[in-house]
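Here are some exercises to work through with the structure open beside you. Try each task before you read its solution.

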Amino acid sequence: MSGGKSIARTDRLRALALLAPAYLWLTVAIFLPLSAMAFFSVVTDVPFGDTEWHFTIENYTAFFESPTYARLLLKSVLLGVKVTALCVLIGFPCAWVLAKMIRGRSREALFLLVILPFWSNSLVRIFSWAIVLRGNGVLDNFVNAIWPWPVDVNLMFSETAIVIGLVHSYIPYVILTAYLALQAIDDSLIEAARSLGAKWWTILWRIVLPLALPGLIAGAVLVFVPVVGSFMEPRILGGRLGTYYGTVIEDQFVAVFNWPLGAALSFILLAVVLIILAAASPVLRKSQT
Amino acid sequence: MSEVRVEGLIKAYGPVRALDDVTLTFPDGGFFGLLGPSGSGKTTLLRAMAGFVEPDMGQVFFGDRPVGDVPVEAREIGMVFQNYALFPNMTVSDNVAFGLRVRGIAAGETAKRVADVLDLVQLGPLGARKPHELSGGQRQRVAMARAIVTRPRVLLLDEPLSALDKALRVDMQIELKRIQREVGITTVFVTHDQEEALTLSDRIGILRDGRLIREGTPQEVYSDPGDVFTARFLGEANVLEGTPAGAFLDLPGGARVARPDGAIRIAVRPEHVAVSVDRPDGPNILRAELRQRIFAGAMGTCVMDWEGQVFKAVARHEDFAALPESGPVWVSWSERHARGLTAD
Amino acid sequence: MIAPRLRTRLVGLVGRLYLGLILMFLYAPIMVMAAMSFNASEFYQLPFEFSTMWYVQLSDNDAILAAALRSIWIALIVTVVATVLGTAASVALWRYDFPGKRVLQVLLFPPIAIPWLITGTAMLIFFFGVGIGRGTPAVIVGHVALALPYVIVVVTARLATFDRTLEEAARSLGARPWLVTRAVMLPWIAPGVIAGALFAFAVSFDQFVISYFLSEPGDSTLPVLIYTAIRKGFTPEINAISTIIIAFSMCVMLIAAQFTKFGGER
């Protein structure tokens, strides 16, 4: 940016000084641990203490030996797809209303209202759903109060409860990204389309959705990735039915203490997630131009 | 204050040369205008002199000293940006004092110099205001004050008036010239407005595609443009091309006109063209078709058609009073107003 | 067909109703939980009987209070570290151009792109191998790594509105890089930095997954304590502390929102 080679070098040193701390931290906290986990996934036992250990791929083959793991992985991926789809389908119209139908100060206030629960403690929110959904809980009493026949509403410990809890937790991500993307669409584009005679479904399909797609995909990714690895919500809301790939991995680390297996299973999950992200990235790249 | 010189400057962005071997001297204490269309490299040249752009080849000299290794903050320049770049969180006085404080000048002296320069730009009582409370013209003057209070060696102005509306711009041009005369700093300013360049500059340089194609005083460059591009860029010109015939030029349509400088292409400025219904005397005459008369207040323009090209004449409106709205006319000029041109 | 003006109003009405429903969905469980924390019944039975006994009982529960204090303490440290590191990195990425910049920008994504489960367990493995083990230092290291991308995103967004010519003007007046940053850039990006700090605080305070894997069994953060307590069985004290946490987090975020406008101008 300035004259002379020596100046450019000083600039580079300054850039390094500013960047080094953050990236060193990330290296120690994330990249090195991931490498360590890769190492762990190919050994037989944790190399601490005096236990004998050697290299093996048994942890990975274990995934293929028993159909349980693959089944649970599929279950988690399907859960991810369900929750993501619901979040997008419910959240997109909400973002549309916020971005295009509401004007002025109330728009910012409402947007804030929508985002705020997102920043409360996720664990606590799941817990609050448990209270609402259980037998003789709030929902039960509420339905019985308005429905003439006595009915037993106990949604707890079911996949429905898990889905409700997850959608509730992650829908603000979609609303946020969709809102930002929709807000960037110039109103005059839509007015131009209307002046050319387009009906609302054409405008939606041909103009709004293509322009908002990068934002939607970003939101979908922000939902899908955590959901696929979730274990806390399935455990609390799903009980015995709440066994998913994430809970199995959790078990390896806190109950069974088979860390190598847990590491291998984690990497398989990571591979699946990265493949899905790679498929979505071309669309995301376009949004950055 | 010193003379500033650039030698052989080359700057390329990929295959495009923003600066293509530019050599130029900016005289000490003078007001030099860099003029050219967008993309001509004039802003790149200015920023290379400031130090924001590192040339691939060539040198910049302040006085006798090459400044290639000197970073921007050590070059002792004063710069006015197109958007003024006033620090929004500081008052006018603090903005102007910034450069002095950086140099460690004592508080008492700083206050005095700030007050003096604000008086110079006629903003004396506005020291406590914030930039967003000022008008465009006032902000421009604060930017000037801030740049000159540090007594820099050279003052660099990047299209300083282009953000102002027309009437204000004309007033500010006069102001700018007055301030520069009083302070006497070597000043280089960049503009795409040829009228502004002609008004303000002691000397002008015309840039095109990264090359310096013409340099001189405004009068020199205007009356003797040298090539078709400069002739058209700096004011308007009627360009006539023909085949040589001794001391004359044979033009399409049978006319034969005087041929200055031995050129096959000549230019005549519209203000030097006379239009009449009756055939005038002299060799430099053409038969043309008057298409349109434009009224622009003090002046008027006749737009004519000659051999398929547009021919313009400009004069005071009353000088065209005798002409019809359209129809066949004669155009004529004096030989001393025709200039030979090279090709683009 | 319905007249256009009537149709627009109908659509607007439906839209607003829909938004209202979504808001009800988002706030319902939180409201219920808050309400129940003031209900005298121990097993969440209706009818509703107002009482603050659970909050009183909470003030005697040393374990919960200790965990709450630890969470706040950790969050404060994480906030300071993540904000300083993140702001510095954002400034560098904005100001300088160098080979490999793109790569560095991409490298900020793993914490978000990888399920926290995996990052948490990987951290656990690595810290054990390196000797940091579990406990508060490990938790802090993990939280800062998670908070960094958030700080960088928020500060970068604010930096995008910063007029680059202001820096050039300061340099042309003789200011060296640190003075340029301090006197010209920081005042402008201060709202973004504050917002980033508040985000970092929220991320750390609410963080469950990483804390779960990295904290000592006895010495845990508040979310982890709540988790283990829930697994054992509900107690209304959990309700009370949860209500407090939610109210607190929301207040922090409300303040943060004043300093950053999502998609709006300052």
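## Exercise 1: Getting to know chain B

Chain B holds 8 helices and 21 strands (helices are DSSP runs of H or I with at least four residues, strands runs of E with at least two, numbered from the N terminus). This is a predicted model, where local features need pLDDT of at least 70, side-chain atom pairs count only at pLDDT 80 or more, and totals for chains, interfaces and linings use all residues. Residues are numbered from 1 along each chain as its sequence is written, chains are lettered from A and ligands numbered from 1 in the order in which they are written, and side-chain values use heavy atoms, with hydrogens and water left out.

**Task.** Describe the extent of chain B, its buried share and its contacts.

**Solution.**
1. Start with the extent: the C-alpha trace of chain B spans about 75 × 45 × 35 Å along its principal axes.
2. Next, look at burial: of the 344 residues in chain B, 51% are buried (buried is under 20% relative accessible area, exposed over 50%, partly exposed in between, with a 1.4 Å probe and protein chains only).
3. Finally, take the contacts (heavy atoms within 4.5 Å) in chain B between residues at least 6 apart in sequence: 66% of these join residues at least 24 apart.

## Exercise 2: Salt bridges

**Task.** Find the salt-bridge partner of Lys11(B), and say where each of the two residues lies.

**Solution.**
1. Recall the rule: a salt bridge is a side-chain nitrogen of Lys or Arg within 4 Å of a carboxyl oxygen of Asp or Glu.
2. The partner is Asp56(B), with an N to O distance of 3.8 Å.
3. Lys11(B) sits in strand S1 (residues 4–13) of chain B and Asp56(B) in the loop between helix H1 (42–50) and strand S4 (57–62) of chain B, so the bridge ties together parts that are 45 residues apart in sequence.
4. Lys11(B) is buried because its relative accessibility is 12%, while Asp56(B), at 43%, is partly exposed.

**Task.** Now do the same for Arg169(B).

**Solution.**
1. Its side chain meets that of Asp193(B) in a salt bridge, 3.1 Å from N to O.
2. This pair links distant parts of the chain, 24 residues apart: Arg169(B) is in helix H5 (residues 166–183) of chain B, and Asp193(B) is in the loop between strand S8 (186–191) and helix H6 (194–200) of chain B.
3. Arg169(B) counts as buried at 19% relative accessibility, and Asp193(B) as partly exposed at 21%.

## Exercise 3: Where chain B meets chain C

**Task.** How many residues of chain B touch chain C, and which three supply the most buried area?

**Solution.**
1. Count the contacts: 19 residues of chain B touch 18 residues of chain C.
2. The two chains bury about 1700 Å² between them, 65% of it on carbon and sulfur atoms (buried area is the accessible area, with a 1.4 Å probe, that two parts lose on being put together, summed over both).
3. Glu73(B), Phe87(B) and Phe98(B) supply 32% of the area that chain B buries against chain C, more than any other three residues.
4. The interface has 2 salt bridges. Glu73(B) forms a salt bridge with Arg171(C), at 3.0 Å from N to O.
5. The side of chain B that touches chain C has 12 nonpolar, 3 polar and 4 charged residues (Ala, Val, Leu, Ile, Met, Phe, Trp, Tyr, Cys and Pro count as nonpolar, Asp, Glu, Lys and Arg as charged, and the others, Gly among them, as polar).

## Exercise 4: Where chain C meets chain A

**Task.** Describe the interface of chain C and chain A.

**Solution.**
1. Here 89 residues of chain C are in contact with 86 residues of chain A.
2. About 8000 Å² is buried between them, 81% of it on carbon and sulfur atoms.
3. The count of salt bridges between these chains is 0.
4. Helix H1 (residues 4–37) of chain C gives the most to the side of chain C that touches chain A, with 16 residues.
5. By class, that side divides into 71 nonpolar, 11 polar and 7 charged residues.

## Exercise 5: Confidence in chain A

**Task.** Which elements of chain A have the lowest and the highest mean pLDDT?

**Solution.**
1. Begin with the chain: its mean pLDDT (the predictor's confidence in each residue, from 0 to 100) is 80, and 90% of the residues of chain A reach 70 or more.
2. Helix H6 (residues 138–146) of chain A has the lowest mean, 72, and helix H3 (residues 67–101) of chain A the highest, 90.
3. Over residues 1–5 of chain A the pLDDT is below 50, and this stretch has 24 contacts in the model beyond near neighbours in sequence.
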